[in-house]
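Hello,

Here is the structure I promised to pass on to you. Please have a look at it first, and then read my notes below.

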Amino acid sequence: LVSKPNEMKSVFDQLRARNILVFTAPALEGAMKVLESGSVDYCLLSVDYSQIDVYELPQKIENELKIPVIAISELR
């Protein structure tokens, strides 16, 4: 989940080079559909949104969907 996927392109390319399938989603709704599909082993969550409720998202994904989350925050 990133607001500017092009800025994460090098990270995605490195993961793909290691045969890791990467789904990118610029909107929370689309990302949640991918996570809920059951085809995800873990979630790399890039947090650069200003909404405060996004801080609860990693814990909700881990607790409710049982998907490990690696969270990166670009917020100051």
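How many helices and strands does the protein have? This is a predicted model, and in it there are three helices and two strands. Going along the sequence, they follow the pattern α-α-β-α-β. Of the 76 residues, 26% count as buried. Contacts between residues 24 or more positions apart make up 66% of those with a separation of 6 or more. The protein exposes about 5600 Å², and 53% of that comes from carbon and sulfur atoms.

Let me start with the inside. Nine residues form the largest nonpolar core: Leu35, Val40, Cys43, Leu45, Val54, Leu57, Ile61, Ile67 and Val69. Strand E1 and helix H3 (57-65) each supply at least two residues of this core. Ile67 is a good residue to click on: leaving out residues up to four places away in sequence, Ile67 touches Leu35, Val40, Asp41, Tyr42, Cys43, Ile61 and Glu62.

Next, helix H3. Which residues of H3 are buried? They are Leu57, Pro58 and Ile61. These residues lie on the same side of H3, because they cover an arc of only 110° around the axis. As a reminder, an α-helix has 3.6 residues a turn, so residues three or four places apart point the same way. On the other side of H3, Gln59 and Glu64 are exposed.

Leu57 belongs to helix H3. With a relative accessible area of 10%, Leu57 falls under the 20% cut-off and therefore counts as buried. Leu57 and Ala71 are 14 residues apart along the chain, and their C-alpha atoms are separated by 9.6 Å. You may also want to look at what follows H3: Lys66 comes after the helix, and its phi is positive, near 60°.

Finally, the surface. Tyr42, Ile70 and Ile72 make a nonpolar patch of about 250 Å² there. Where is Tyr42 found? Tyr42 sits in the loop between helix H2 (28-36) and strand E1 (43-47). The relative accessibility of Tyr42 is 36%, so this residue counts as partly exposed. Tyr42 thus has two entries in my notes, since it is part of the surface patch and is also among the residues that Ile67 touches.

Happy browsing, and do write back with any questions.

Best wishes

Technical notes:
Residues numbered from 1 in each chain as written. Predicted model: local features only at pLDDT ≥ 70, side-chain atom pairs only at ≥ 80, totals over all residues. Heavy atoms only, no water. Patch = residues over 30% accessible without salt bridge, like charges linked within 9 Å, V, L, I, M, F, W, Y side chains within 5 Å. Areas by Shrake-Rupley, 256 points an atom, 1.4 Å probe, with all protein chains shown as cover. Salt bridge = Lys/Arg side-chain N within 4 Å of Asp/Glu carboxyl O. Helix = DSSP H or I, 4+ residues; strand = E, 2+ residues; numbered from the N terminus. Buried < 20%, exposed > 50% of the residue type's maximum accessible area, 1.4 Å probe, protein only. Core = buried A, V, L, I, M, F, W, Y, C linked by side-chain atoms within 4.5 Å. Contact = heavy atoms within 4.5 Å. Arc of directions from axis to C-beta.
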